[in-house]
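The following note is offered for consideration alongside the coordinates. It takes up one loop residue, then the sheet and the core.

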Amino acid sequence: MAINFKNGQISVAENNPREKVGSPYPNPANGTLTIDVQLNKDDIADFCLFDVTGMLIYTCKLTVNGQNTIDIAKLSQGIYINKIVINGITVRTSKLVIVR
């Protein structure tokens, strides 16, 4: 939450990091995955993919303000857990199904 004071007016702005990132799609996925993010200039965003045992099997930086495309063609078919982290804070965790 940010409190702003401008021209004699006080306003409150909610800073909800979950609003900065959409769920990865398509789900189920096959060759590529797309993630829409709204990043500020100094934001550091990571996409992490875990297998069902909790082992980290893939990670990459989300660098584009808008649509980020991730190549998942080399990953095996199965169920995964994905996590999106912005500035060290987990903002979205969800299940991802990869089909072949």
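**Notes on the predicted model**

1. Leaving aside neighbours within four places in sequence, Asp43 is in contact with Lys20, Gln38, Ile86 and Asn87. These contacts belong to a predicted model.

2. Asp43 lies in the loop that links strand S3 (32–37) to strand S4 (45–50). Its relative accessibility is 15%; because buried means under 20%, Asp43 counts as buried.

3. Two polar interactions of the Asp43 side chain deserve attention. The side chain of Asp43 reaches the backbone nitrogen of Asn40 at 2.7 Å, and it makes a polar contact with the side chain of Asn87 at 2.8 Å.

4. How are the strands of the open sheet ordered? Four strands form this sheet in the order S5-S4-S7-S8, with antiparallel pairing. S5 and S8 stand at the edges with a single partner strand each, so one side of each has no neighbour in the sheet. From one strand to the next, the twist averages 20 degrees.

5. Within the sheet, S4 and S7 run antiparallel and are joined by six bridges. Asp46 stands opposite Val85 in S7.

6. The largest nonpolar core has 20 residues, of which Leu33, Ile35, Phe47, Leu62, Ile70, Ile72 and Ile84 touch the most other members. At least two residues of this core come from each of S3, S4, strand S5 (56–62), strand S7 (78–86) and strand S8 (89–98).

7. Leu33 merits inspection as a member of that core. Apart from neighbours within four places in sequence, its contacts include Pro24, Tyr25, Pro26, Phe47, Ile70, Ile72 and Leu96.

Conventions
Residues numbered from 1 in each chain as written. Predicted model: local features only at pLDDT ≥ 70, side-chain atom pairs only at ≥ 80, totals over all residues. Heavy atoms only, no water. Buried < 20%, exposed > 50% of the residue type's maximum accessible area, 1.4 Å probe, protein only. Polar contact = N/O pair within 3.5 Å; in protein donor to acceptor, adjacent residues only side chain to side chain. Contact = heavy atoms within 4.5 Å. Core = buried A, V, L, I, M, F, W, Y, C linked by side-chain atoms within 4.5 Å. Pairing = 2+ DSSP bridges. Axes fitted to C-alpha atoms, helices over the stretch in contact; angles between N-to-C directions.
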